[in-house]
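Work through the exercises below with the sequence and the model at hand. Each task is followed by a solution in steps.

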Amino acid sequence: MITTKQLENELAQCYGTERYWRLPLPKLIYTDGVKLFAEKAGCYWLLTDIGLFLKDRPELKNQYFLNIVLDVQEDNKADLIFDDGNDNVLYKRHYKFTDCPVGKWQFFYNSDVLMLPSEY
C-alpha cells in the first residue's frame with residue numbers, strides 16, 4: 001500500500017498529459033495524472049463513481065467546471081465533494097470505508113475531462 005507522502009510525491013510529477021484515457025461505462029475521459037492516482041492509490045472505483053455521479057446527478061449535469069475533492073480521514077472514512085469552484089457544494093457522497101491513502105485529493109472536471117489541478 002502506498003503512503004500519503006509517496007502518493008503526493010508521485011502526483012507532484014504530473015504536469016499536463018500526454019494521453020487521454022477513457023472509462024467506457026460510465027463514459028469518462030481522464031488524464032495521465034488521474035490514471036496514476038487510480039493505479040497507485042488502488043481506487044479505480046473512484047473514477048467509476050465520479051463518472052456515474054456526473055451522468056446521473058441532475059445538479060452535476062451540464063456543469064462546465066467542477067472542483068472535486070476526495071477527503072479521506074484517518075478512520076478510513078471519506079467524503080467525495082463536488083463544488084462549482086466557488087465553494088458552493090453541489091453534491092456530497094459519504095463512504096463508510098476506503099483503503100485510499102489519507103488526505104484531501106483534489107481533481108478538476110473541465111470540458112468533459114477529469115484531471116489533477118496541476119494538469120489544468
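**Exercise 1: a helix pair**

In this predicted model, Val34, Lys35, Phe37, Ala38 and Glu39 of helix H2 are in contact with Tyr44, Leu46 and Leu47 of helix H3. Determine how many nonpolar, polar and charged residues the contact of H2 with H3 has, and classify the packing of H2 and H3 by its angle.

Solution.
1. Sorted by class, the contact of H2 with H3 comprises six nonpolar, no polar and two charged residues.
2. H2 spans residues 32–41 and H3 spans residues 44–56; their axes lie 7 Å apart, at an angle of about 125 degrees.
3. Angles of 65 to 115 degrees count as roughly perpendicular and those over 145 as roughly antiparallel. H2 is therefore oblique to H3.

**Exercise 2: cysteines**

State how many disulfides the structure holds, and explain why cysteine 43 is not bonded to cysteine 100.

Solution.
1. The count of disulfides is zero.
2. For cysteine 14, the nearest cysteine sulfur is that of cysteine 43, 13 Å away.
3. The cysteine sulfur closest to that of cysteine 43 belongs to cysteine 100, at 4.3 Å, which is too far for a bond because a disulfide needs sulfur atoms within 2.5 Å.
4. Cysteine 14 is buried, at 11% relative accessible area; cysteine 43 is also buried, at 1%.

**Exercise 3: the sheet**

Give the strand order of the open sheet and identify its edge strands.

Solution.
1. The seven strands are ordered S1-S2-S7-S6-S3-S4-S5, with mixed pairing.
2. S1 (21–23) and S5 (89–95) are the edge strands, each paired on one side only.
3. S3 (residues 65–72) and S6 (residues 103–110) run antiparallel and are joined by eight bridges. Valine 72 has glycine 103 in S6 as its bridge partner.

Methods
Residues are numbered from 1 along each chain as its sequence is written. This is a predicted model: local features need pLDDT of at least 70, side-chain atom pairs count only at pLDDT 80 or more; totals for chains, interfaces and linings use all residues. Side-chain values use heavy atoms; hydrogens and water are left out. Buried means under 20% relative accessible area, exposed over 50%, partly exposed in between (1.4 Å probe, protein chains only). Axes are lines fitted to C-alpha atoms, for helices over the stretch in contact, and angles run from 0 to 180 degrees between N-to-C directions. Helices (H or I, at least four residues) and strands (E, at least two) are DSSP runs, numbered from the N terminus. Angles under 35 degrees count as roughly parallel, over 145 as roughly antiparallel, 65 to 115 as roughly perpendicular and the rest as oblique. Contact means heavy atoms within 4.5 Å. Ala, Val, Leu, Ile, Met, Phe, Trp, Tyr, Cys and Pro count as nonpolar, Asp, Glu, Lys and Arg as charged, and the others, Gly among them, as polar. Two strands pair if DSSP finds at least two bridges between them.
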